[in-house]
Amino acid sequence: MIFLINAANAALYADEIEQIQSLRFEVLVKDLKWEGLTSAGGLESDRFDGPSAVYIGIRESDEVVAAIRLNKADRPTLTSEIFSHLVQFRALPVGERVFDVTRLVVSPGRGKTFRKNRYSFDLLCAAMEFGLAGKLDCFTAVMPTRFFELLQHTGSGIYPLGFPAGTGADEHLAVAIPVVPRTLDCLYRFTGNSEPRLLSLQGAPLSAREAISALSA
């Protein structure tokens, strides 16, 4: 099940939020050993978590196995505040119709490569469905160069905002992903699955009203 958490329904997802932060600790702190992260009690969080954040997660049985975070870009975001040095030859998209996508994590037991890891692409499909329902312009993100190249091959329309930084497996760059039907179609084709990923509490595809509720939170 792929679920969406926002200010309107966060009280119903307290356990999932804790699991998301626990998964982030496992992947980002213990496995990838990212520096400068804030963690306590086996949970990872930062100042971009909180009531205004939107989370999309994948739950199997009672376990959250993958998740991403989205922050509206009419206010400071992780990309604008922490990774602004990666935005060099294009302006960083901002405003109410832009969301910054961060903290994409997948349980280590679910796959070793992005190409084989359907969870990452299911999250991206769900995010794009959310964006289209809410009439967004684009998403911004910082991602590994190898994942950017993979997304380019899907025909998604993703484009860089600056030059890569880092070396080897740690090389990364800032990107923007247009929120247009063609992008979602490309992701569907790449995954071989055109079924909607993001479901509401009623078990139906996310409606425009639900997306707008999430956007305005």
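Mentor: Axes here are lines fitted to C-alpha atoms, for helices over the stretch in contact, and angles run from 0 to 180 degrees between N-to-C directions. This is a predicted model, where local features need pLDDT of at least 70, side-chain atom pairs count only at pLDDT 80 or more, and totals for chains, interfaces and linings use all residues. Residues are numbered from 1 along each chain as its sequence is written, and side-chain values use heavy atoms, leaving out hydrogens and water.

Trainee: Why are α3 and α5 called roughly antiparallel?

Mentor: Their axes come within 10 Å and cross at roughly 155 degrees. Angles over 145 count as roughly antiparallel (under 35 is roughly parallel, 65 to 115 roughly perpendicular, the rest oblique), so α3 and α5 earn the label.

Trainee: Which residues of α3 meet α5?

Mentor: Contact means heavy atoms within 4.5 Å. F121, L124, C125, M128, E129 and L132 in α3 meet residues of α5 including L184, L187 and Y188.

Trainee: What span is expected for α3, residues 118-133?

Mentor: The rule is 1.5 Å times one less than the number of residues. For the 16 residues of α3 that gives 22 Å, and the helix reaches 22 Å from its first C-alpha to its last, close to the expected value.

Trainee: What makes C138 and C186 buried?

Mentor: Buried means under 20% relative accessible area (exposed is over 50%, partly exposed in between; 1.4 Å probe, protein chains only). C138 has 7%, so it's buried, and C186 has 2%, so that one counts as buried too.

Trainee: How many disulfides are there?

Mentor: Zero; a disulfide would be a pair of cysteine sulfur atoms within 2.5 Å.

Definitions and conventions. Helices (H or I, at least four residues) and strands (E, at least two) are DSSP runs, numbered from the N terminus.
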